[in-house]
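Here is a colleague's note for someone opening this entry for the first time, set out as numbered points. Please read each point with the structure in view.

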Amino acid sequence: RGTALHPLFKMSYSCSKVGDPHPGQPYKGGNFCAFLPDNPEGLKIAKLLKKAFERGLTFQIKSCNGEERVTWAFIPHKTSWGGGKARNGYPDAQYLHEVGTVL
């Protein structure tokens, strides 16, 4: 394995806003981590992911078992260093191309 960038997102508990499933209701946050290869293409994608986060595109609020919680939105993230594409992990030779297309 090579080295990896490891962005960590800490989403706190808060209240949802207009456009969320139940505006004004509290939702559960969480810690979310992802992996990118530490190479020029990985750094390029990291910058694009940062812009997506700043624009509110990285996460969404979903209702799960009667509880509102933060989940990943539609931008694919690699959440484990192993397991391949089927488990949101590496190896996945197409990931940087796929996420770059989405972004």
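1. The buried residues of helix 1 pack against three elements, namely strand 1 (4-5), strand 6 (36-37) and helix 2 (95-102). Please keep in mind that this is a predicted model, and that what follows describes that model.

2. Which residues of helix 1 are buried? They are G42, I45, L49 and A52, and because they cover an arc of only 75° around the axis, they fall on the same side of helix 1. As a general matter, an α-helix has 3.6 residues a turn, so residues three or four places apart point the same way. The face turned away from the buried side of helix 1 carries the exposed residues P40, K44, K47, K50 and E54.

3. The length of helix 1 can be checked against expectation: at 1.5 Å a residue, its 15 residues (40-54) should span 21 Å, and the end C-alpha atoms are 22 Å apart, which agrees. At the start of helix 1, a side-chain oxygen of N39 comes to within 3.1 Å of the backbone nitrogen of E41, while after the helix comes G56, whose phi is positive, near 75°.

4. On the strand 1 side, L5, which has its place in that strand, deserves a look. L5 touches A34, F35, L36, P37, D38, G42, L43 and A46, leaving out residues up to four places away in sequence. With L36 in particular, L5 is separated by 31 residues in sequence, yet the two C-alpha atoms are 5.0 Å apart in space.

5. The largest nonpolar core has 11 residues in all, and consists of F35, L36, I45, L49, A52, I75, W81, Y90, Y95, L96 and V99. Helix 1 and helix 2 each supply at least two residues of this core, and apart from it lies another core, of six residues, among them F32, F59, I61 and V70. In soluble globular proteins, nonpolar side chains tend to be buried together. Within the largest core, V99 is in contact with I45, L49 and I75, and V99 also contacts P76, setting aside neighbours within four places in sequence.

6. Is T101, a residue of helix 2, buried or exposed? At 58% relative accessibility, T101 counts as exposed, because the cut-off for that class is over 50%. The side chain of T101 reaches the backbone oxygen of H97 at 2.9 Å, and T101 lies 9.9 Å from I75, C-alpha to C-alpha, with their positions 26 residues apart in sequence.

Key
Residues numbered from 1 in each chain as written. Predicted model: local features only at pLDDT ≥ 70, side-chain atom pairs only at ≥ 80, totals over all residues. Heavy atoms only, no water. Helix = DSSP H or I, 4+ residues; strand = E, 2+ residues; numbered from the N terminus. Expected span 1.5 Å × (residues − 1). Buried < 20%, exposed > 50% of the residue type's maximum accessible area, 1.4 Å probe, protein only. Arc of directions from axis to C-beta. Contact = heavy atoms within 4.5 Å. Polar contact = N/O pair within 3.5 Å; in protein donor to acceptor, adjacent residues only side chain to side chain. Core = buried A, V, L, I, M, F, W, Y, C linked by side-chain atoms within 4.5 Å.
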